[in-house]
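Got your viewer open? Here is a short walk through the model, one selection at a time.

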Amino acid sequence: MNYLIAPSLLSADMTRLGEEIRAVLEAGADMVHFDVMDNHYVPNLTIGPFICQILAQRFPSLVIDVHLMTNPVDELIIQFAKAGAKRISIHPDATIHLDRSLQLIHQQGCQAGLVLNPATSPECLRWCMHRLDFILVMTVNPGFGGQTLIPEILDKIALIHKQYPKIPICVDGGVTIDNIAHLAHAGATQFVAGWAIFSSENYTNTLAAMRHQLA
Ligand code: DX5
Ligand code: ZN
């Protein structure tokens, strides 16, 4: 199984963002997760397309996985695609015309993901599955790094995986060395982890410990 690990920049040392990205890439990260919060869809406010653009210029082969926690999304989809994002995921309740927004992500040359908040029913996947490259299952409520994973969501991951066995399931929020194997067992193959990686002493050891759990 090809598992992907995506450190979430939200927990990186923002005063040294470039070095932090270099360090996690050297430690074996597959991509970086870029959390965009607008103080509207979620209470927090983070970084925008300009930062994405300068990181894409500095790291040309870096896969930047943009998670839009904004409402609306369409204009930012275009801006982030132009800024070098490779994957863009959006929440179904953050756009009036979900099908159109998902098409827009593809038209802009990016992979499209749909994000399900902890209490969002997987039912909404039914009519947009053909537009998706991956599903992002929130294992915490969106808005902040460093939260504790909601264990009940493991059942939801298993349910989605059973219903749609072919589509990659990415999990986001509270992922640690201790729970990553449970998430994989439920059906996740892509793992966003912020606090667990960036608060650790040695990124290489932490990523190796995660991969060891997945092996
Ligand atoms: C939460 C964000 C997550 C967050 C994950 O709203 O979407 O990507 O950064 O961070 P940790 O792994 O610290 O929960
Ligand atoms: Zn995220």
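A contact, or touch, here means heavy atoms within 4.5 Å. This is a predicted model, where local features need pLDDT of at least 70, side-chain atom pairs count only at pLDDT 80 or more, and totals for chains, interfaces and linings use all residues. Residues are numbered from 1 along each chain as its sequence is written, chains are lettered from A and ligands numbered from 1 in the order in which they are written, and side-chain values use heavy atoms, with hydrogens and water left out.

**Stop 1: Thr189**

Select Thr189, in the loop between α6 and β8. Helices (H or I, at least four residues) and strands (E, at least two) are DSSP runs, numbered from the N terminus. Which residues does Thr189 touch, not counting residues up to four places away in sequence? Light up Met1, Asn2, Tyr3, Leu4, Pro168 and Ile169. Thr189 is buried, with a relative accessible area of 13%; buried means under 20% relative accessible area, exposed over 50%, and partly exposed in between (1.4 Å probe, protein chains only).

**Stop 2: Ala184**

Step back to Ala184 in helix α6. Ala184 counts as buried too, at 15% relative accessibility. Leaving out residues up to four places away in sequence, Ala184 touches Tyr3, Phe191 and Leu214. For a sense of scale, draw a distance from its C-alpha to that of Ser89: the two are 95 residues apart along the chain and separated by 20 Å.

**Stop 3: helix α8**

Now pick residues 203-214, which form helix α8. The expected span of a helix is 1.5 Å times one less than its number of residues. For the 12 residues of α8 that gives 16 Å, and the end C-alpha atoms are 17 Å apart, which agrees.

Colour Tyr203, Thr206, Leu207, Met210 and Leu214, the buried residues of α8. Look down the axis and they fall within an arc of 95°, so they line one face of the helix; the arc is that of the directions from the helix axis to the C-beta atoms. An α-helix has 3.6 residues a turn, so residues three or four places apart point the same way. What do the buried residues of α8 pack against? Show β1 (4-7), α1 (17-26), α6 (180-186), β8 (190-193) and α7 (195-198).

Thr204, also in α8, is partly exposed, with a relative accessible area of 44%. Zoom in on the start of α8, where a side-chain oxygen of Asn202 reaches to within 3.0 Å of the backbone nitrogen of Thr204.

**Stop 4: the zinc ion**

Select ligand 2, the zinc ion, coordinated by His33 (NE2), Asp35 (OD), His67 (ND1) and Asp172 (OD) at 2.1 to 2.2 Å. Donors are N, O and S atoms within 2.8 Å of the metal (3.2 Å for Na, K and Ca); water is not among the atoms, so sites may look incomplete.

His33 lies in strand β2 (residues 32-37) and Asp172 in strand β7 (residues 169-172), so the pair ties together parts that are 139 residues apart in sequence. Is His33 buried or exposed? His33 is buried, and so is Asp172.

**Stop 5: two backbone oddities**

Most residues other than glycine have a negative phi, and most peptide bonds are trans. Go to Asn39, in the loop between β2 and α2 (49-58): its phi is positive, about 60°, although it is not a glycine. Asn39 is partly exposed, with a relative accessible area of 48%.

Finish at Pro72, in the loop between β3 (64-69) and α3 (74-82). The peptide bond from Asn71 to Pro72 is cis, with omega near 5°.

Key. A polar contact is a pair of N or O atoms within 3.5 Å; within protein, one must be able to donate a hydrogen and the other to accept it, and residues adjacent in sequence count only if both atoms are side-chain atoms.
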